[in-house]
Amino acid sequence: MPTVSFPPRRIPLNVFVFGLALASSPLFAADLTPEQIAPLLARRIIDADLPMQQVQEFTESRVPRMPKAESRQAWQAIADRLRADVLEKVVFRGEAARWRKAPLRVEHLETIPGGDGYRIKKLRYEAAAGLWIPALLYEPTKLEGKVPVSLNVNGHDRKGKAADYKQIRCINQAKRGMLALNVEWIGMGQLNTPGNVHYAQNQLDLCGTSGVSVFLLAMQRGLDVLLAHEHADPKRVAVAGLSGGGWQTIFVSSLDTRVTLCNPVAGYSSFLTRARHLKDLGDSEQTPSDLATVADYTHLTAMLAPRAALLTFNAKDNCCFEAPYALPPLVEAARPVFKLYDAEDRLRTHVNEDPGTHNFEIDNRQALYRMLRDNFYGGDDDAFPGTEIDVEDELKTSDDLHIELPEDNATLNSIALSLAKSLPQGENSPSASRDAEAWLQRGRKRLAELVKYHPYDCQANKEGSTTKDDVTFTWWRLQLGDAWTIPAVEVSPAEADATVLVLADDGRISTAKRVAALVGEGKRVLAIDPFYFGESHIADKDFLFAMLAAAFGERPLGIQASQTAAVARWAKKAFEQPVTVLAEGPRTGVVALVAGAVEDKAIEAIDVYRPLGSFKQLLDENETTRQMPEMFCFGLLAEFDVLHIAALARGKVRFHNPSPRAAKDLAD
């Protein structure tokens, strides 16, 4: 069997790659067959609703509350600090800090006829790292002096910038004398490619660069384009959008004070309500890693003060963010702050009743027009009418509005692949030190920090037992700290001489063959389902809850590894025997390696079947948080790849049945 090692040679690493899985070898003599063991492994131990209840409580308890401010000056200091912290600690991490400083790159293309009073100029601009955004500038044909500008963003509409309701909004703004920029959103319209699915954002996170930065830069560069226009009035800058466009609107408007009026439509809610209203959980950009360690969306709403804000929600929204529960916490947080500035009239709300579903149709658009009229035109309805102009016959097709993009236009996935080429790097690489023990201690500490490791205590509660053919089955509820309860099945032959902790991507119910073989060898098996796996799987919106946990500064991988390590410590003490870990699958394989790295005393050895050879494989195959939520731990690949973590486990690590790609990665 080939041994995989890397410098420094003095690091006590024993990693073996086996071409044959245990299951393909002759089984040791065992009285029980896998078919007999399977139903006993499958017996339910915890309530079906418990995983959901615990993750809801886990996240809800971490929502930051609104700070109290008794004066305008006090709140301004709070808002300035929050804005700086979100930008520096959440958004512009890693390479994004460099992208932020790059000059605007914009290319103006053809101009096409619009309708009476305006033309449409096609252009593209670079958001970040070679990702160009197509955009349409609706420009009045007669321009004098400085005029208001509006950034019109869109949500999860495959038509993108060609969506009728968005075109209508832009045309109406231009006919009233405004400069209206209609920008494409990443993943929609012309940018609707597999590499731009929003869950790919977390691929950048894995590389230590904040994925949400690309989204914010796409909006800020759009503002740059507008404000570079010779007729742009920097005192009258609006942003508006529906759904994901509503999220874009609150995000850029709270963080970029160049925006002086915003209208988020059915686009966001507080983390206070999201855990209970599951349709609000949102995509990766709406729950970026660590945002909720700094601010909730209540804070972002209050940070709009004293600038003009129209919060539009729909009464019976069939998508998300229904007005009855989503709007009140935002207003409750923001209104006192607007009052500090004597600007209560600048905070408005609008609840759409007809049709009341997820929309930015005429009622919601006219609420925006009135807001623009009152704040940008002194309330003059003649200068800026609050009623909509019928422009249905001026709408263009997607082909009409198509904008040429570079053939090699970057995507979220291609940006991540580019970032990963030089990773991992830094002092946590084994080759960075010739002192093995110092490297191990430093690496373990840093790995624990990256995955947000918790040294949970484990309290075991016996739920019953039975004996079959001299093999005892015991069902355990394992309470880990005050947050988690996971199920475990102990399978013990008489005179067991060792304990094997078993976990699997498909849950413990899938391990019957492994368990039968191990018991036949005279080993005690403890089959567990950590967070998210098997019986601990969240029943609804599973991966979105995993992302939500990351938004609160936790890491799903760290939760799982912490649970596994805690069970190993308990098992070693309870059974007074060495504990090894067997993981079946690439996901639990990484969990086992991390657990073995941070818990070097209780875990003696690790066997991983069907391992992941490198985190870079996830990027090569464009995997996302939807399939593997725990694998996209912020900054992990920037400092450690799979073999680095195996090295930190120090003990013997054996990889079985790797795929050809994984075998190559492990050998390299």
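In the predicted model, the side chains of D620 and R661 meet in a salt bridge, with a nitrogen-to-oxygen distance of 2.7 Å. This pair links distant parts of the chain, since D620 belongs to helix 19 (residues 616–620) and R661 to helix 22 (residues 660–667), with the two positions 41 residues apart in the numbering. D620 has a relative accessibility of 45% and therefore counts as partly exposed, and R661, with a relative accessible area of 26%, is likewise partly exposed. Side chains of opposite charge can pair when their charged atoms come close.

A search of the whole structure finds 42 salt bridges, and two further examples illustrate the settings in which such pairs occur. The side chains of R221 and D224 meet at 3.7 Å, N to O. These two residues lie 3 residues apart in helix 7 (residues 212–227), which means that about one helical turn separates R221 from D224; both R221 and D224 are buried. In the other example, D381 and R373 form a salt bridge through their side chains at 2.9 Å, N to O. Here D381 is partly exposed, with a relative accessible area of 35%, whereas R373 counts as buried because its relative accessibility is 15%, a value under the 20% limit that defines a buried residue.

Charged residues also gather on the surface, where D164, D390, E392 and D393 make up a patch of negative charge. One of these residues, D390, is placed in the loop between helix 12 (362–376) and helix 13 (412–420). D390 has a relative accessibility of 62% and so counts as exposed, given that the exposed class begins over 50%.

Two helices were examined for their degree of enclosure. Helix 17, which runs from residue 556 to residue 575, contains 20 residues and reaches 28 Å from its first C-alpha to its last, close to the 28 Å expected at 1.5 Å a residue. Of its 20 residues, 16 are buried, so helix 17 is largely enclosed by the rest of the structure. The helix is followed by E576, whose phi is positive, near 55 degrees. Helix 15 (residues 512–520) is also largely enclosed by the rest of the structure, because 8 of its 9 residues are buried. The buried residues of helix 15 are A512, R514, V515, A516, A517, L518, V519 and G520. Helix 15 is followed by G522, and the phi of G522 is positive, near 85 degrees.

Positive phi values are also found in residues other than glycine, including D290, for which phi is near 80 degrees. D290 lies in the loop between helix 9 (271–274) and helix 10, and at 8% relative accessibility D290 counts as buried. N657, also a residue other than glycine, has a positive phi near 50 degrees. The place of N657 is in the loop between strand 19 (652–656) and helix 22, and its relative accessibility of 30% puts N657 in the partly exposed class.

The backbone further contains cis peptide bonds that lead into proline. One of them joins A305 and P306, with omega at about 0 degrees, and P306 is found in the loop between helix 10 (297–302) and strand 10 (308–314). Another is the peptide bond from L423 to P424, which is cis with omega near -5 degrees; P424 lies in the loop between helix 13 and helix 14 (436–451).

Finally, two exposed positions were considered together with their separation from other parts of the chain. P113, placed in strand 3 (residues 106–115), is exposed with a relative accessible area of 64%. P113 and L226 are 113 residues apart in sequence, and their C-alpha atoms are 20 Å apart in space. K101 lies in the loop between helix 4 (96–100) and strand 3 and, at 74% relative accessibility, counts as exposed. Between K101 and T298, which are 197 residues apart along the chain, the C-alpha separation is 29 Å.

Conventions
Residues numbered from 1 in each chain as written. Predicted model: local features only at pLDDT ≥ 70, side-chain atom pairs only at ≥ 80, totals over all residues. Heavy atoms only, no water. Helix = DSSP H or I, 4+ residues; strand = E, 2+ residues; numbered from the N terminus. Expected span 1.5 Å × (residues − 1). Buried < 20%, exposed > 50% of the residue type's maximum accessible area, 1.4 Å probe, protein only. Patch = residues over 30% accessible without salt bridge, like charges linked within 9 Å, V, L, I, M, F, W, Y side chains within 5 Å. Areas by Shrake-Rupley, 256 points an atom, 1.4 Å probe, with all protein chains shown as cover. Salt bridge = Lys/Arg side-chain N within 4 Å of Asp/Glu carboxyl O. Lys, Arg positive; Asp, Glu negative; His and termini not counted. Charge placed at Lys NZ, Arg CZ, Asp CG, Glu CD.
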